[in-house]
Amino acid sequence: MNLYRRLVNRDEWQFLAMLPKAAPALAILWWFLLITRGVLPALFAVGMGLLVGAVQSGTGIPLALAFVGFLFVAVQTLSPLHLATSQNLGSRMAAYMYDSLSNTCVSPPGIGHLEDPELTKDLAMARDFDLGISGPPLDVSMDFVASGLVEMVAGLTAACILFGYAWWAPLVLGGAWIMTHYLLRDSAIWRDRQTDEVRLAQRHADYAYKMAVDPPASKEVRLFGLSEWVVERFTKERRFLHDLRWHATRLRQKPVIWCLLLVLSANALVFGFMAMDAVAGLIELDRLVMFAAAGMTTSSIAFGGLSWALDSASAPAGAVVRLEPEMAKRGDLKRATTSPTVGDNEDIVFNNVTFAYPRTGEVILKEFNLVIPAGTSMAIVGVNGSGKTTIAKLLCRFYDPQSGSIQIGDVPISEIDIKDWRRRTTAVFQDYMKLELPLRMNVSPDLQADDERILQALENAGARQVADLDTPLNRAYLGGTDLSGGQWQRVALARALCSVYSGAQLVLLDEPTAQLDVRGEAEIFDRLLAETRGTTTVLISHRFSTVRKADQICVLEKGQVVELGSHEELMQQRGRYQTMFDLQASRFEQGEQEEEQLDVV
């Protein structure tokens with residue numbers, strides 16, 4: 001039973017089982033052509049024996065010749081047909097795997113599965129499998145797999161014919177060729193592809209390559225004179241990767257010698273007995289030709305490219321299959337069993353919340369308590385790692401805390417349907433979404449808002465002039481345009497405002513204006529406060545010129561609230577907030593003075 005489970009759980013089995021799910025008709029045709037092509041060489045050996053017998057007897061020559069000719073034509077014509085089928089099936093399989101991975105990634109309501117380091121390897125394998133990084137694209141691999149399986153079927157079928165000669169002949173000859181797979185197992189290049197060392201080397205090599213060819217790094221590469229360094233790094237990493245694979249190839253040396261001795265001995269034994277039987281007149285010429293041809297075809301069983309091709313194709317399939325249950329589990333959140341009624345103006349309460357990111361063990365928030373009054377704005381400040389962004393993720397219910405609760409009024413948000421809660425919530429994160437789609441869909445991705453509301457959101461975010469609503473936001477498209485970082489940030493803010501106009505009652509702003517200058521930020525935030533008046537707003541920012549305008553300011557340190565109050569109240573306390581504010585204000589004033597001096601000059 002354990003052996004059966006191990007076999008069923010192997011990537012190769014998962015891959016073959018996935019074929020009929022991806023394209024049932026193509027999979028049936030692919031297997032039919034594969035088995036037919038595998039049987040044809042054995043039938044050809046039989047046909048040659050029949051032809052020789054017909055020539056000896058002088059009867060039935062046309063029929064035997066027609067049979068051999070038919071087999072010859074079939075061998076020639078089925079091969080390109082099988083190639084086309086393999087390529088189409090490979091493309092359909094790749095599409096099916098990408099669809100499965102997409103559903104697996106987006107289905108869980110949380111995001112823990114996407115930030116879990118234990119799933120990184122399988123996710124990278126499943127995501128990049130058809131880019132030629134870990135192996136050939138699937139439409140190419142499918143032909144390699146088909147050719148290897150055809151050879152295996154041909155060898156096994158030919159070995160069966162040898163039972164007509166002697167019961168021990170297929171066992172000796174076929175067993176010897178099968179043993180080559182065992183003897184050469186440790187030299188398998190495909191095994192070396194799956195080790196952590198090789199995957200890391202592949203990752204480093206790909207990263208160095210992208211630095212050389214991708215636009216984002218091009219400016220710094222040239223500015224800092226890193227061109228030679230990038231090429232040297234890429235060469236070094238690729239050579240290291242090549243050396244790892246070459247080491248696997250070198251492992252063949254000793255096993256190859258044993259394979260040669262084994263197969264030579266087996267062939268000498270079988271063909272030697274055939275020759276002696278033929279000399280002794282114990283076997284007719286037609287049967288000798290048939291058995292000799294079958295013996296030679298048995299060599300198709302030998303260790304070849306099947307294992308490498310099958311592993312290259314099946315590894316991502318296995319990764320997709322493993323990811324589905326793991327991601328569903330690690331990205332899952334507590335499901336609401338009831339539909340409690342929640343008022344529109346309710347405080348948000350963190351009640352003894354403790355949270356640590358899965359797999360890290362580091363506690364970010366410990367028995368955290370905070371009340372965010374309904375309809376007010378609260379700014380959250382603190383040093384990096386104090387838990388600011390974590391609070392935003394918990395409010396969006398990307399994660400659930402390990403203990404404690406987050407409540408809106410008296411109702412824990414975990415008891416509210418996730419979709420209903422997120423309809424009440426909108427956010428702008430540091431890594432906001434950029435859609436290579438028309439401006440209209442960037443502001444209202446679900447297209448639920450009308451143009452008047454979209455234009456209003458753009459106006460109040462200071463993004464009205466960036467483009468027309470139908471303009472694609474990428475110059476690579478006909479009529480498209482590129483936006484600056486600041487313009488993109490204004491579009492992201494417009495998206496949040498559009499949600500507010502559609503009924504969102506909680507606005508989360510995580511560094512929403514980081515790419516704007518101080519004056520632009522102040523202008524935008526004034527507009528945001530005006531447009532979200534009466535809406536609960538949580539602002540995370542490092543710029544105190546913006547933070548000071550919030551109704552309340554929460555200072556975090558090591559996952560705990562250390563100061564809470566308005567700007568004036570916190571400045572009077574002369575604590576951490578006042579220290580951080582004065583430090584940033586002095587730097588800003590110094591910068592303004594330098595600008596004035598430059599203007600005078």
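# Worked exercises on a predicted protein chain

In the protein chain, 75% of the contacts with a separation of 6 or more are made between residues 24 or more positions apart, a contact being heavy atoms within 4.5 Å. This is a predicted model, in which local features need pLDDT of at least 70 and side-chain atom pairs count only at pLDDT 80 or more, while totals for chains, interfaces and linings use all residues. Residues are numbered from 1 along each chain as its sequence is written, and side-chain values use heavy atoms, with hydrogens and water left out.

## Exercise 1: the whole chain

Task: Describe the secondary structure of the protein chain, and decide whether the chain is more spread out than a compact globule or not.

Solution: Begin with the elements, which come to 23 helices and ten strands; these are DSSP runs, with helices being H or I of at least four residues and strands E of at least two, numbered from the N terminus. Next, take the radius of gyration, which is computed over C-alpha atoms and set against a globule rule of 2.2 Å times the number of residues to the power 0.38. For 601 residues the rule gives 25 Å, whereas the protein chain has a radius of gyration of 34 Å, well over that value, so the chain is more spread out than a compact globule. The extent of the C-alpha trace along its principal axes can then be added, at about 115 × 65 × 50 Å.

## Exercise 2: cover and charge

Task: State what share of the residues of the protein chain is buried, and how far apart the mean positions of its positive and negative charges are.

Solution: Of the 601 residues, 45% count as buried, where buried means under 20% relative accessible area, exposed means over 50%, and partly exposed lies in between (1.4 Å probe, protein chains only). For the charges, Lys and Arg count as positive and Asp and Glu as negative, with His and the chain ends not counted, and each charge is placed at NZ of Lys, CZ of Arg, CG of Asp or CD of Glu. On this basis there are 56 positive and 69 negative charges, and their mean positions are 6 Å apart.

## Exercise 3: D122 and its partners

Task: Find the element that holds D122, and say which side chain it joins in a polar contact.

Solution: D122 is found in helix α5, which covers residues 120-128, and it counts as buried at 17% relative accessibility. Leaving out residues up to four places away in sequence, D122 touches A319, R322 and L323. One of these, R322, is joined to D122 through a side-chain polar contact of 2.9 Å; such a contact is a pair of N or O atoms within 3.5 Å, where within protein one must be able to donate a hydrogen and the other to accept it, and residues adjacent in sequence count only if both atoms are side-chain atoms.

## Exercise 4: P108 and L33

Task: For P108 and L33, determine where each residue lies and what each one touches beyond four places in sequence.

Solution: P108 lies in the loop between α4 (61-106) and α5, and at 9% relative accessibility it counts as buried. Its contacts include M327, A328, G331 and D332, and the C-alpha atoms of P108 and A328, although 220 residues apart along the chain, are separated by 5.6 Å. L33 has its place in helix α3 (residues 24-57) and is buried, with a relative accessible area of 3%. L33 touches L78, L81, H82 and T85, while its C-alpha atom is separated by 10.0 Å from that of S86, 53 residues apart along the chain.

## Exercise 5: positive phi angles

Task: Say in which strands N352 and E367 lie, and what phi value each of them takes.

Solution: Recall that most residues other than glycine have a negative phi. N352, in strand β1 (residues 348-356), has a positive phi near 50° and is partly exposed at 38% relative accessibility. E367, in strand β2 (residues 363-372), is not a glycine either and has a positive phi of about 50°. A further case is R397, just after helix α15, with a positive phi of about 60°. Helix α15 itself (residues 388-395) is mostly covered, with seven of its eight residues buried, among them K388, I391 and L395.
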